[in-house]
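Visitor: I am new to this structure and should be grateful for a close look at a single part of it. Please begin with one strand, and then set that strand in its surroundings.

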Amino acid sequence: MLKGHRTWVFENKPTILSTATVGGPFEANGRIADDFDLLHEDLWLGEQSYEKAHKVLLEEAMFKAMEKVGLGKEKVQLIIAGDLINQMTPTNFAARTIGAPYLGVFGACSTSMEGLALSAFIVNYGGADYILTGAASHNAAVEKQFRYPTEYGGQKPPTAQWTVTGAGVALISSYGDGPHITSATIGRVVDMGLSDPFNMGGAMAPAAVDTIEAHLRDMQIDASYYDLIVTGDLGKIGREISLDLLRQHGMNIEEERYQDCGLIIYREGQPVLSGASGAGCSAIVVYGHLLNRMKRGELKRILAVATGALLSPLSFQQNETIPCIAHAVAIEYGGDR
Amino acid sequence: MNMRKWLFATIVICIWMGGCAKEQGVKQQSLQGSGFMKTNTNGEIQRNNINQQTAERAVARIKERDDIKDAVAVNTSEKLLVAYQIKHMHRFYRKQIEKEIDQQLIRLFPNYQIVSSSDLKIFWKTEELRGKLGKKNWNEQKVDEQIEKIRQLSKERT
Amino acid sequence: MMANEKRKKLTPTQQEYHLFEKERETKRPVVKNCIRAFFVGGVICTIGQAISYFYMYFFDFTEQTVGNPTVATMIFLSMIFTGLGVYDRIAQFAGAGSAVPVTGFGNAVISAAIEHRTEGFVLGVGSNMFKLAGSVILFGTFAAFVVALIKTIATQWGGL
């Protein structure tokens, strides 16, 4: 049901039955290594190419999520997933392996929440009983497409971010126990005219602010309703900017209740500059770390705002600015049910 | 990771040491050569009679210049081979210095065919040749040939 | 200057945000980068000098002719370090210090070749190898041409 301007409220409370996250070697050295279901030592994952490794990441996460609740792949009625590679081939191949009906979605790094919002919507209205949704990214494969070759010695500025190698998948169902999705706000494209692909946090911050404000306004709630508002991959700079923007707009938000997935994954001292990014970034943090915290009872209500920079290597070479988007999904657990 | 760092450091140091330690090596080699020669000639070096006065004079004149670090020369009755090193900061004016020295040499030794160079390799080669002059089986013709070889080497551009 | 001109095309809200963002952006540490580049670049050049002395001592190369084998060796070394995955780390530290010497060129070539190995030798390595270095070659040659042209004109007709 649409509430306010662009927020969906799910009366039937679609549930996250299970989740699975897979990470790479760099993530294994990070801060939330314990929250992964599977960690790979080798960036190649034993495959011939990084793109194939990318596909395997997503496949493994999907199988792991189904395995956790003992669901066969023939029971899955829909897959809604995406990644950053051209034409989303890794996701396409992973969907081929599962063999279920498939919708590929692209929202750059906001894909995870875009998929989750759509899945919740479809499940809520009886469109499917089981939906697999998720997002993945592979550092080397994504860098290859968007930036320079992996081994190229170009100095990155301190505003640059590190693309996550990992996949996060959630199995959404209309019944069952678990965290449920209460509402979702679909973002609109916000372009503040920034064009530096090495400063995505700065470009995406206004989109995150726009979506958060729209969500709170539509739902007629205060920021304190949520135990945690977590943005996708704004990084150090983006988080600071968005926090300042929110405060400037008169929102009262506590520092520790406003976090960023891009700053949760890695440890201090890992060479990630401003933080993590990539489609897998918000997916692994929300589906892994944060849901685990919810299950432990540390958090009851969270608002996950995945941010995406909708640029292509071509568009920034042609001096286009970076259009940005953010989708918000509210997840609640153990609260009023 | 750590091993790579060590590997890198080792290679860097090897190249460094290797590159800078050569001078010693060559000097030692030439010393060994003269030692070999001595034993062969029962402790007496047989000087052949190529008069090196012209070469010595040329070296003295060039060393007078304050932009020259070192110079070495070899002559035969027809040819004069002069090699010199230009002081570091003066290397910016290398072309001009070369020209001046060439003119100076032509003026001083009009009867000689002059080969001169500021190239370090030519300097080493000339030094080597000068050390060999005392050898028993070296005659003027052979030295001429060597000078010609060095001249050609100095003309190589690529 | 560039940024200011770009900014003029934007709407007032965008301009305002630009300034807002600039205030909070971490700046590139220019002075620190310059110092690092100076030292790392210097070390690379010292290695190059050592190699050229090596060639001059052991082979018949003069100062004039030693350039070619030295450059080839330096590029070879940078390729090995690129393959070992060390060069990009040095570069993140050194910036221009490792990009400007000829080793940076070798790195640009070989990194692209490694990257596209998975697409095969012809369509992958062959067509992508000079993806980054191609513009260096093109504009290097072009710049040399322009400089030679200016020199020719100046010496022929300018009487210099």
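Guide: A residue is called buried here if 20 or more other C-beta atoms lie within 10 Å of its own. The model is a predicted one, and the part chosen for the close look is strand 14 of chain A, which spans residues 301-309. By the criterion just given, 9 of the 9 residues of this strand are buried, and the strand is mostly covered.

The residues of strand 14 of chain A point in two directions. A:R301, A:L303, A:V305, A:T307 and A:A309 point one way from the strand, while A:I302, A:A304, A:A306 and A:G308 point the other way. Both sets are buried.

Strand 14 of chain A also has pairing partners. Strand 11 of chain A, residues 228-231, runs parallel to strand 14 of chain A and is joined to it by 4 bridges. Within this pairing, A:V230 stands opposite A:A304. Strand 15 of chain A, residues 324-332, pairs with strand 14 of chain A in the antiparallel sense, over 9 bridges. A:A304 has a bridge partner there as well, namely A:V329 in strand 15 of chain A.

The wider setting is given by the division of the chain. Chain A is split into domain 1, covering 2-173, and domain 2, covering 180-332. The centres of the two domains, taken over C-alpha atoms, are separated by 17 Å. In the contact between them, 57 residues of domain 1 of chain A meet 58 residues of domain 2 of chain A. On the side of domain 1 of chain A that touches domain 2 of chain A, the elements giving two or more residues include strand 3, strand 7 (130-137), helix 5 (139-146) and strand 9 of chain A. Helix 4 of chain A gives the most to this side, with 7 residues. Sorted by class, the side of domain 1 of chain A that touches domain 2 of chain A has 26 nonpolar, 22 polar and 9 charged residues.

Strand 3 of chain A, one of the elements on that side, may be set beside strand 14 of chain A. Strand 3 of chain A occupies residues 15-23, and because 9 of its 9 residues are buried, it is largely enclosed by the rest of the structure. Strand 9 of chain A, residues 166-173, runs antiparallel to strand 3 of chain A, and 8 bridges join the two. Here A:T21 stands opposite A:G168 of strand 9 of chain A. With strand 4 of chain A, residues 38-39, strand 3 of chain A runs parallel, and the two are joined by 2 bridges. The bridge partner of A:V22 in strand 4 of chain A is A:L38.

Two helices complete this account of the chain. Helix 2 of chain A, residues 50-68, has 19 residues and reaches 27 Å from its first C-alpha to its last, close to the 27 Å expected at 1.5 Å a residue. Since 14 of the 19 residues of helix 2 of chain A are buried, this helix is largely enclosed by the rest of the structure. Just after helix 2 of chain A, A:G70 takes a positive phi of about 65 degrees. In helix 3 of chain A, residues 89-98, lies A:T89. A:T89 counts as partly exposed because it has 16 C-beta neighbours inside 10 Å. From A:L2, A:T89 is 87 residues away in sequence and 33 Å away in space, C-alpha to C-alpha.

Chain A also touches chain C. This contact takes 26 residues from chain A and 28 residues from chain C. Helix 6 (200-219) and helix 7 (235-248) of chain A each supply at least two residues of the side of chain A concerned. The largest share of that side, 4 residues, comes from helix 7 of chain A. By class, the side of chain A that touches chain C has 11 nonpolar, 10 polar and 5 charged residues.

For chain C, an unreviewed UniProt entry places the feature "transmembrane region" at residues 37-58, 70-87, 94-114 and 134-154. In the model, residues 37-58 of chain C are 100% helix, and their end C-alpha atoms lie 31 Å apart. Residues 134-154 of chain C are likewise 100% helix, with end C-alpha atoms 30 Å apart.

Technical notes
Residues numbered from 1 in each chain as written. Chains lettered and ligands numbered in written order. Predicted model: local features only at pLDDT ≥ 70, side-chain atom pairs only at ≥ 80, totals over all residues. Contact = placed C-beta atoms within 7 Å. Nonpolar A, V, L, I, M, F, W, Y, C, P; charged D, E, K, R; others polar. Buried ≥ 20, exposed ≤ 12 C-beta atoms within 10 Å, placed from the backbone. Pairing = 2+ DSSP bridges. Expected span 1.5 Å × (residues − 1). Domains from an automatic or database assignment. UniProt positions renumbered as here; feature names shortened; annotations may be inferred.
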